[in-house]
Amino acid sequence: MAENKREASAAARSSDPRASRSQQRHRQRSVFQYITILFAAALVLLLYTFMMERRQFELQKEQDRANISDLQKQSTSAVQRLEQLIAENDALKDQLEEEKAQLDALQDRHDQLEADYNLSEQANISLEQETEALEHLCLLERAYSQKKYNQCREIIQQMGEQLPNYLPPASALGEDQPSPAARYQEIYDKVMK
């Protein structure tokens, strides 16, 4: 029976060529419609994908702009902070130079004061030795005027060789009076012979 149907179907096909052509056209149209629908769906999907990619691109672009803006603000802030630090550094350098100059001036003043102190110490020592020499000369003069020559010799020995060098070479009473150094030498010459 199955064979009969096939034969009938084959006979029907061969007997009606118009029916088979219309079926072929119908089939071709169906295939064409199916392909068109698939192509349209593919286009819609491509368009949707394109729109999604574009939206994603725009969002990324906005994020990049925001990041760039933040980076520019941070960069500007960093540059301003760097400029402030450079200005502070320059101010500190200037202050350091001023303080170095002050320190040098103070050191020079200290050195000058120390030199003045040393000079005054030397002058003080010289004055003390001159005073001691004058005191000995006064004692020598008194002993000489009392004709105590042994005591004069003792005083001269106490004075030693250096102390007479501190006696003033000029008289404070005037040029017509003998200087303390000259008076010592005069007494020395008379007593030590």
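**Exercise 1. The core**

Find which residues have the most contacts inside the largest nonpolar core, and which elements feed that core.

*Solution.* Step 1: start with the rule. A nonpolar core is a set of buried Ala, Val, Leu, Ile, Met, Phe, Trp, Tyr and Cys residues joined through side-chain atoms within 4.5 Å. Buried means under 20% relative accessible area, exposed means over 50%, and partly exposed is in between (1.4 Å probe, protein chains only).

Step 2: pick out the residues. The largest such core has 14 residues, and the ones with the most contacts inside it are Leu140, Cys152, Met159, Leu167 and Tyr184.

Step 3: assign the elements. Two or more residues each come from α2, α3 (149–159) and α4 (180–191). Helix α2 gives the most, with five residues.

A word on what you're looking at: this is a predicted model, where local features need pLDDT of at least 70 and side-chain atom pairs count only at pLDDT 80 or more, while totals for chains, interfaces and linings use all residues. Residues are numbered from 1 along each chain as its sequence is written, and side-chain values use heavy atoms, with hydrogens and water left out.

**Exercise 2. The overall layout**

Work out how many helices and strands the protein has, and what share of its residues is buried.

*Solution.* Step 1: count the elements. Helices (H or I, at least four residues) and strands (E, at least two) are DSSP runs, numbered from the N terminus. That gives four helices and zero strands, so the pattern along the sequence reads α-α-α-α.

Step 2: check burial. Of the 193 residues in the protein, 10% are buried.

**Exercise 3. Salt bridges**

Trace the salt bridges of Arg65, Arg183 and Glu186, and say which residues end up in one network.

*Solution.* Step 1: the cut-off. A salt bridge is a side-chain nitrogen of Lys or Arg within 4 Å of a carboxyl oxygen of Asp or Glu. The structure holds four of them.

Step 2: take Arg65. Its partner is Glu62, with the closest N and O atoms 2.9 Å apart. Both sit in helix α2, three residues apart, which means about one helical turn between them. Arg65 is partly exposed at 45%, and Glu62 is partly exposed at 43%.

Step 3: move to Arg183. This residue pairs with Glu141, the closest N and O atoms being 2.6 Å apart. Arg183 is in α4 and Glu141 in α2, so the pair ties together parts that are 42 residues apart in sequence. Arg183 is buried at 19% relative accessible area, whereas Glu141 is partly exposed at 26%.

Step 4: add Glu186. Its side chain meets that of Lys190 (3.7 Å, N to O), and the two lie four residues apart in α4, about one turn of the helix. Glu186 is partly exposed at 33%, while Lys190 is exposed at 52%.

Step 5: join them up. Salt bridges that share partners put Glu141, Arg183, Glu186 and Lys190 into one network.

**Exercise 4. A surface patch**

Name the residues of the nonpolar surface patch of about 410 Å², then place Val31.

*Solution.* Step 1: the rule. Patch residues have over 30% relative accessible area and no salt bridge; like charges are joined within 9 Å, nonpolar side chains (Val, Leu, Ile, Met, Phe, Trp, Tyr) within 5 Å. Accessible areas come from the Shrake-Rupley method with a 1.4 Å probe; for residues, only the protein chains shown count as cover.

Step 2: the members are Val31, Tyr34, Ile35 and Leu38.

Step 3: Val31 lies in helix α2 (residues 17–145) and is partly exposed at 47% relative accessibility.
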